[in-house]
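This report covers helix packing, the nonpolar core and one buried charged residue. The sequence and structure are shown first.

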Amino acid sequence: MADWTEPILLADIKNHLRVSSSDTSEDALLAIYATAAREFAEGYQNRVFVGEEAKTMNGIEKAACLLLIGHFYENRQAVVLGVTAAEVPFAVKALLDIRRNVPI
């Protein structure tokens with residue numbers, strides 16, 4: 001995708017998900033998930049990774065976002081029958097907690 005602006009590369013996301021397709025509709029879906037994961041990380045950590053005064057997304061945040069993107073990709077519906085419901089996967093918050101800015 002020519003207009004990719006997320007800190008995690010599409011190729012890295014596809015590699016993580018083991019997606020080899022070059023389908024543009026699949027790439028567009030992954031772009032939505034990447035943005036959602038980054039925005040979740042920004043909100044949870046009180047950081048900005050895209051835009052003015054952006055901080056560099058390090059390996060911890062990238063790993064958390066890849067896990068969250070994988071969660072979105074595998075669970076495309078709000079409710080999955082036959083599976084115990086959970087909030088955000090524990091590993092995502094555990095990784096993001098490492099560098100979380102907690103307002104005082």
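In this predicted model, helices α3 and α4 cross in a left-handed sense. Helix α3 spans residues 59-74 and helix α4 spans residues 90-97; their axes come within 9 Å and cross at roughly 165°. Angles over 145 degrees count as roughly antiparallel, and α3 and α4 are therefore roughly antiparallel to each other.

On the α3 side, the contact is formed by I60, E61, A63, A64, L67 and L68, which meet A91, V92, L95 and L96 of α4. By class, the residues of this contact are nine nonpolar, no polar and one charged.

The largest nonpolar core holds 23 residues, and within this core I13, L17, L30 and I69 touch the most other members. Two or more residues each are given to this core by α1 (10-17), α2 (24-45), α3 and α4. Helix α2 provides the largest share, seven residues.

Which residues does L30 contact, leaving aside its neighbours within four places in sequence? The table lists the contacts of L30 together with those of E26, with such neighbours left out for both residues.

| Residue | Contacts beyond four places in sequence |
|---|---|
| L30 | W4, L10, I13, K14, L17, Y73 |
| E26 | V19, Y73, R76 |

Is E26 buried or exposed? E26 lies in helix α2. Its relative accessibility is 16%, and buried means under 20%, so E26 counts as buried. Y73 appears in the contacts of L30 and in those of E26.

Conventions:
Residues numbered from 1 in each chain as written. Predicted model: local features only at pLDDT ≥ 70, side-chain atom pairs only at ≥ 80, totals over all residues. Heavy atoms only, no water. Axes fitted to C-alpha atoms, helices over the stretch in contact; angles between N-to-C directions. Helix = DSSP H or I, 4+ residues; strand = E, 2+ residues; numbered from the N terminus. Parallel < 35°, antiparallel > 145°, perpendicular 65-115°, else oblique. Left-handed = near helix turned anticlockwise from the far one by under 90°. Contact = heavy atoms within 4.5 Å. Nonpolar A, V, L, I, M, F, W, Y, C, P; charged D, E, K, R; others polar. Core = buried A, V, L, I, M, F, W, Y, C linked by side-chain atoms within 4.5 Å. Buried < 20%, exposed > 50% of the residue type's maximum accessible area, 1.4 Å probe, protein only.
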